[in-house]
Amino acid sequence: MDRYIVLVAVILAGCVIVCVLLKRYYQNRMEAVYQVMLQKLDKAIRGEVQDTVYDESMEAAVVERLNRVVQISGMNQGRAEQERDMIKSLISDVSHQVRTPVTNIMLYAGLLQEQDLDRDSMRLADKIQKQSDKLDFFMKELVKSSYAEQEMIAIHPEKTCVEEILNTACQMVELAAIKKKINIVLEEMGAYCFADKKWTTEALGNVLDNAVKYSPENSNITVSVILYESFVCIQVKDQGIGIREEEQGMVFERFYRSKDVSSEPGFGIGLYLAREVLSKQNGYVKIKSEIGKGTTVQLYLSRYEV
Amino acid sequence: MLKVKNKKVVSEIARTTYRANKKRNFLMVFAIFLTTFLIAIVLALGVSYWNTVSERQIRMQGMDYDIELSEPRDDQIEKIRSMDNVEYVGVAVKCAMIEQYQDKSLDKTRLYWLDETCWERQTIPALEGYEGKYPQDENEIMLSKYTLKAMGIPKPEIGMKLPVTYFTLEESSDEELLKKEFTLCGWYTDYSGSHRGYVSKDFFGKTGVKQTDFTQGALKITLKNPLYSEKDITAMQNEINMDQNQYIDADTDTISNFCKIVIGLVVMLLMIFVSGYLFIYNTLYISVSKDIRYYGQLKTVGMTSVQLKRMVYQQAVWNAVAGIPLGLAAAFMIAKIVIPQLLQIINPVFSASDVVSAKIWVFLTAGCFAFFTNWISCQKPAKMVGECSPIEALRYTACTCRKNNYKREGGGVYSMALQNMFRDKKQAVVILTSFTIAISIFLVVNVIIHENDAKRILNETYTYDMQFKNETTLDDDKKQIITEDRISQIEQINGVKNVRKVTSAEVVVPYQEEVYGEYYKELYQSRYSPGNYEEDMELYQKEPENAYFTSRFISVDEEGFGLLNESIGNTLDKKAFEDGKIAVAVKFLSFMEGDYGIPGKTIRFSLPDGKEPAEEYSIQIAAAVDNRSNPAVFAGGITPDLIVSEKYAKKLMGELFTELIDVQYEDAFSKGTEEKVKAVFGDEQQISHESKLERYADMKNSETTVKVLGNSIGFIIAMLAVLNYLNMMAAGVQNRSKEFATLESIGMTTKQAKKMLRMEGIGYAVISTIISFIVGLPISYAVFDAMNLYRISFSVPWGSNLILLGVTLVLCMVVPVFIYQKTQNASIIKRLQNGDTI
Amino acid sequence: MNILTTENLKKHYDMGEIQVKALDGINLFVREGEFLAIVGTSGSGKSTLLHMLGGLDIPTSGRVVVDGKDISKMAKDELTIFRRRKIGFVFQNYNLLPLMNVYENIVLPIKLDGLKPDQDYVEQIITLLGLKEKKYAMPGQLSGGQQQRVALARALATKPAIILADEPTGNLDSRTSQDVLGLMKTTGQRFGQTIVMITHNDEIAQMAERIIRLEDGKICGGGDRYAESEE
């Protein structure tokens, strides 16, 4: 009797085990299918078009649909890009076209000033000169700002020597600094970072430009490099007019200009540009300032591969 | 240098700490209690067994000696006395038998003569007490109180006159009755329960009995080392050049049994010790780990290592003081009841009254042992506490993070479970060890129970369910009580499967040396030699019909043939057997190996009760079997019995006399069937029966006891293992409280956490099961071998083992999950903040 | 698009006779992709608020809606799974699993979901956070800053709707704090991740785009650092 019971129990156990194994097997198959789908979806999200196999499997049908989705969004993107290109070329064209007349205006205004004129006429000639200068300046800024549209900045970060960026950027504003008798102190430190040299230099140039612009004569601007574990910080410290606390967030806005600096020329995109460039290469910008006591701008560049 | 008076303060703190930890204390006390209890029981068992074994022989014989040489010659006595391993020897000779005292007929009262050594050194120690002195004069006698009482003398007096009728045991006396008046010079009390008396040397001399007379004289040998082996005996035998009839009576079985039992007990003791040690150590370790922060705080306040260590020890002592007496008390009580039963199981030769219970010192030893275990278990934890640095202690987490040398990219629930199992190597080892021990013990217990299963034993040793014997078979006026009618009655009973009929008759076998020559030679050379070979053979040739030499002519039916054939490996030709061409011869004595060239020979015989008493038949003998295969029970003379088919026997005998029937039921042990079958013979006085069912009822008792006892011991040890596991799991889960909270915060559901814990539990269960099978099965076989009294085959009780595994698995899975559920209920934040102190 | 809102969120504790109002009616809006700092002194209720937002604790009254789902009414296991997929945590004391290496710690939430990790994405995170060299190291072998970076990586691994950081630099020195905060900001920008950080340190809060100030369980100030209005 005992033997039979054991036999039955073993058979039952065997059946149970087989059932469980079967269930597991099918579950695994299902999971595998889902995983494959998820991967394909991930690829589609990234915008990749995937190879289709032209058979009758469900998988192929799904891939085909996904490709269509990618295409459509690609198309939309393409359209947006087209429009942008149009605007870009429009601005480029217009600014080019305007260049010549403006240059001419400036030339003639200059010539006019050299003529022997009565006082009233001289004043008028001056005003024309100034306005044409402004026009020229605005045109230049317009070109610059057209590039400040996000999608037009193409950042290619690579391992760069920080020193080079510093030196190049400082050169950019040397002339203006010397004019105002401002001393630029460079505290160098050999360090490497991952950044796009051209654009980072441009960004740093903007910051230095601001520092020079808003600092009084005979003041110092200190440029130093601080090493963190994950970042290299390029710090620009000036002794200028400072920024009000409530405005410290807003200065990064496009075209924002504080009332305090309305006397200086500027378009209000320097810092915006800097922030965009840095955030595209995994860095960021910080500002510390107290009104009347100077401003410190910190540019953080990533030390890790981006 | 006088030390600062801070002992008291330390004690106070110890006391406060102790009281605060009620739960842990309870666990510890319980563990100590269990360990003490078990150790005490096992020790008591061992000691009792030893005592009982040594006492047993003494009591049975009424004398204290180790081995005995029968019918010793003087030269042998000298030789043995001078042997290195012999302490001393004494001679005892049975010389007379008292038949009557005055008019009272006595039950065989034997009279012995003992030499001085035998009396002084071997008999007196075995007596409960004695009065008077050993007989010196020829007419002096010393009797046992038991005998005196049987004689009707409850209050004996020295110098009493006892007129008796006796006969000497001299070989040629032929039991001639003599009268004599003895003077009682002393009496004694012993436990042998036998009717004995002692006489003087003079009287002994007068009887004419010699110490070398068959079965009368004996040399009682006391060895220096009471533990002797068969080799010792054989060596002795070889030295003393024994005569044909002599033998050395040594109970080799008891000794080897004893050794096996002792080994078994020592192993058990070791296991209990290890289990107890592991549990106490683990509990302490865990509680110290939990409290290490507390101890660290004490250290920052200014307590020294020494003081802290003392605190740990003090608490351990308090636990011991609570647990050990409890354990001892429980053990003592149980011992009184249980041990006699237990010993009877191990060796059914003992009866309950034989057992000597253990003395107090056993329990004291157990107590000390338990205390010692406790002490040792404290060492490591105390050291830990003493050596902790205050800051570390405040941040202590009982986790050793190992270096990861290979690049692993695992991280699922299973992977985590595997890691967690072995994160604290020590704990893992402790758990696995205690589980392995528990499971191994259960394996052994299971085997023992299985082997002692009465039903199984009976089924293997009995070939029938009920046997009816006609007790008049050998009588001159035998009656055919087992009639065909009755047989068919039984056969028709519903529950009866079949009835095997065995008939027998007297058969005269003329002396045929060519057939049985070798057989007889062997027989006469053996210990049980019936007498003188030449003389007997002469007599045989002259009078083959002498009852001494006739044998039984047995017939079996078809079923019976089947069984017979099976027992010799199915070598018989069924047709030839049926037709009466071949027969099977049965050797007279069961220890006779070999077939002495009998098979193949043709034997001549005649049947005095057959159809033609004068006719001589002949038949070829196909095989010579052991008496165990012989279905018949009634024996003839020294000539081998012949087994033939029923058909052939009927042909020769005409009517067959059924000596017995073997009844087999459809369902063994069926009570209903048994009653109906028994009713067929009603109360026929001359039919005796032997029933498997009745035997079973007897054995059931011991079987139940074995089951209960075995399971109890296994259960207690299992409890230790389970408690250990519980403890460790509880500590583990709580230690990982912070981890669980983290996991939950990053998204592990309770279901997944429980799954992980369950996996860990299963892992432990599986590993310890595998190890314990590897370790436990060989041990259980050894134990089986040691205790195999019924000589049945070894089989692994898979059924109960599977149950054991199932229970273990379930337990291991349920416990951690249960603990998790009970403790991890606070909100995640609280747990994260509290860390490991929940 | 508001990825997280609370409606009149309240949390009370009853300690005997006294009722402690940890949160007393919080109405909060968090935009998708922004880096928000919640500042307050000890006892201001900021930790409690964070725990409510993350579903680690249950509010006494009020609602918490994360990515469109009201989590204040969810069952325990459902909430856990929601948390696993939608919310990433960075704690002050890192809370890494000591027995698993860096990589395993990072992909753990993904594995718990039964999914295969998106290897490219995980590698990206590891590189961006400078953990490439330490990919197979054990937490015990890492510095505080590195451990917090691993915690951050773990929080990012499942691309959650929102990352909640509870005093992430509390156990770090100032330099390492700057580091970790910088990484939080940049990776948040990179992946468009919404981050809500609580701290008692104003300077640390400056790293965020928007600051909200808590006092006595109520919002009492702060605003955008960039002048975009609260909705």
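Among contacts in chain C between residues at least 6 apart in sequence, what percentage join residues at least 24 apart? The figure is 70%. Keep in mind that this is a predicted model.

**Stop 1: chain C**

Select chain C and show its secondary structure. You will find seven helices and 10 strands. Now colour by burial. Of the 231 residues in this chain, 55% count as buried.

**Stop 2: the largest nonpolar core**

Next, select B:Ala40, B:Ala366 and C:Ala153. These residues touch the most other members of the largest nonpolar core, which has 158 residues. Add helix 2 of chain B, residues 22-61. This helix gives the core its largest share, 15 residues.

Centre on B:Ala366. Leaving aside residues up to four places away in sequence, B:Ala366 touches B:Thr36, B:Ile39, B:Ala40 and B:Leu43. B:Leu328 and B:Ala331 are also touched by B:Ala366.

Another core lies apart from the largest one. It has 54 residues. To find it, select B:Ala505, B:Phe553, B:Val584 and B:Ile621, which are among its members. As a rule, nonpolar side chains in soluble globular proteins tend to be buried together.

**Stop 3: a sheet in chain B**

Stay in chain B and display strands 11 to 19. They form an open sheet of nine strands with mixed pairing. Trace the order across it: 15-16-14-17-13-12-18-11-19. Which strands are at the edges? They are strand 15 (602-605) and strand 19 (687-691) of chain B, and each pairs on one side only. Look along the sheet for the twist, which averages 30° from one strand to the next.

Now pick out strand 12 (residues 496-507) and strand 18 (residues 658-665) of chain B. The two run antiparallel and are joined by seven bridges. For one residue pair, select B:Asn498. Its bridge partner in strand 18 of chain B is B:Gln664.

Add helix 15 of chain B, residues 484-492. This helix packs on the sheet and touches strand 12 and strand 18 of chain B. Compare directions: helix 15 makes about 160° with strand 12 of chain B.

**Stop 4: a leucine in chain A**

Finish at A:Leu111. This residue sits in helix 2 of chain A, residues 58-114. Is A:Leu111 buried or exposed? A:Leu111 is exposed, because 10 other C-beta atoms lie within 10 Å, and a residue counts as exposed at 12 or fewer.

Last, select A:Ala125 along with A:Leu111. The pair is 14 residues apart in sequence. In space, A:Leu111 and A:Ala125 are 9.5 Å apart, C-alpha to C-alpha.

How values were computed: Residues numbered from 1 in each chain as written. Chains lettered and ligands numbered in written order. Predicted model: local features only at pLDDT ≥ 70, side-chain atom pairs only at ≥ 80, totals over all residues. Core = buried A, V, L, I, M, F, W, Y, C linked by C-beta atoms within 7 Å. Buried ≥ 20, exposed ≤ 12 C-beta atoms within 10 Å, placed from the backbone. Helix = DSSP H or I, 4+ residues; strand = E, 2+ residues; numbered from the N terminus. Contact = placed C-beta atoms within 7 Å. Pairing = 2+ DSSP bridges. Axes fitted to C-alpha atoms, helices over the stretch in contact; angles between N-to-C directions.
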